[in-house]
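Work through the exercises below with the sequence and coordinates open. Each task is followed by a solution in steps.

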Amino acid sequence: MITETGAWVRRFFAAPASATRLICFPHAGGSASYFHPVAKQLAPRLDVLAIQYPGRQERRLEPCIDDIGTLADRLTGEILPLADRPMAFFGHSMGAVVAFEVARRLMGDGVSPLVLFASGRRAPSSVRVETVHKEGDQALIAEVRRLGGTDTRMLDDPELVNMILPSLRGDYTAIMTYRCPPGIKIDAPIITLVGDSDPHVSLDEAKRWEEHTSGPFDMHVFRGGHFYLNSHAAAVMRKITENIPAVQA
């Protein structure tokens, strides 16, 4: 079930009495539906909303946005009206950076999320030189296989692969060309979640999220790789509910 939302935001389960919203930002190549299980588990205690980037699923005919700043600019206008209730942000991989950049922009309007959960992504100012977004389609698909977050049956279907390649390449271009100067901070507390064998995030790189908040910081390490959360969903959702004040009551 999808209740009323605009093009950018999906609500899978109504939660009209919830005091707090949890806004979820997907990984590169991901879609809002990745967070359907989260909404099913946490609603109606939380009003769980998932971001739908252009270029995938029902928005597949729209051009992808291959720049994090542009994406964050567009999303800020969509999320600002949702600040009529306290909000928490959860972003995985690319989504963590998008959530951070949206939080930066919302500060200009006097709005700050209760907390930013930054999952499976090194800190914004931790830079690695990555070029897979410039390589051929097979190299891009091989990278997706290596990370293990996508059903391999889908990657073995040429028709499905052709459907997802534009969004994959657009998202990988956006995140691999993203740069954030050191010292940029948001007001919201940041809680980092990371797999201990994630090939894209070392524990030191994850801990550097502490440099990007003027509030409290915490970090939780799980056994697993880039998509550690697929195997630790219950523990991750427990961390979410433990760290959103309105849900603890």
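**Exercise 1: the sheet**

G91 stands opposite A118 in strand 5. This is a predicted model, in which local features need pLDDT of at least 70, side-chain atom pairs count only at pLDDT 80 or more, and totals for chains, interfaces and linings use all residues. Residues are numbered from 1 along each chain as its sequence is written, and side-chain values use heavy atoms, with hydrogens and water left out.

Task: state how strand 4 is joined to strand 5, and place both in the sheet.

Step 1. Strand 4 and strand 5 (residues 116-119) run parallel and are joined by four bridges. Strands here are DSSP runs of E with at least two residues, helices are runs of H or I with at least four, and both are numbered from the N terminus. Two strands pair if DSSP finds at least two bridges between them.

Step 2. The open sheet has seven strands in the order 1-3-2-4-5-6-7, with mixed pairing. Strand 1 (9-10) and strand 7 (217-222) are the edge strands, each pairing on one side only.

**Exercise 2: the residue after strand 4**

Task: locate S93, decide whether it is buried or exposed, and find its side-chain partner.

Step 1. S93 lies in the loop between strand 4 (87-92) and helix 3 (94-107).

Step 2. The relative accessible area of S93 is 10%. Buried means under 20%, exposed over 50%, and partly exposed in between (1.4 Å probe, protein chains only). S93 is therefore buried.

Step 3. The side chains of S93 and H226 form a polar contact of 2.9 Å. Such a contact is a pair of N or O atoms within 3.5 Å; within protein, one must be able to donate a hydrogen and the other to accept it, and residues adjacent in sequence count only if both atoms are side-chain atoms.

Step 4. Outside its neighbours within four places in sequence, S93 is in contact (heavy atoms within 4.5 Å) with H27, S119, G120, R121 and H226.

**Exercise 3: a residue within strand 4**

Task: describe the surroundings of F90.

Step 1. F90 is found in strand 4 and counts as buried at 3% relative accessibility.

Step 2. Leaving aside neighbours within four places in sequence, the contacts of F90 include L22, F25, F117, L193 and I240.

Step 3. F90 and I240 are 150 residues apart along the chain, and their C-alpha atoms are separated by 8.6 Å.
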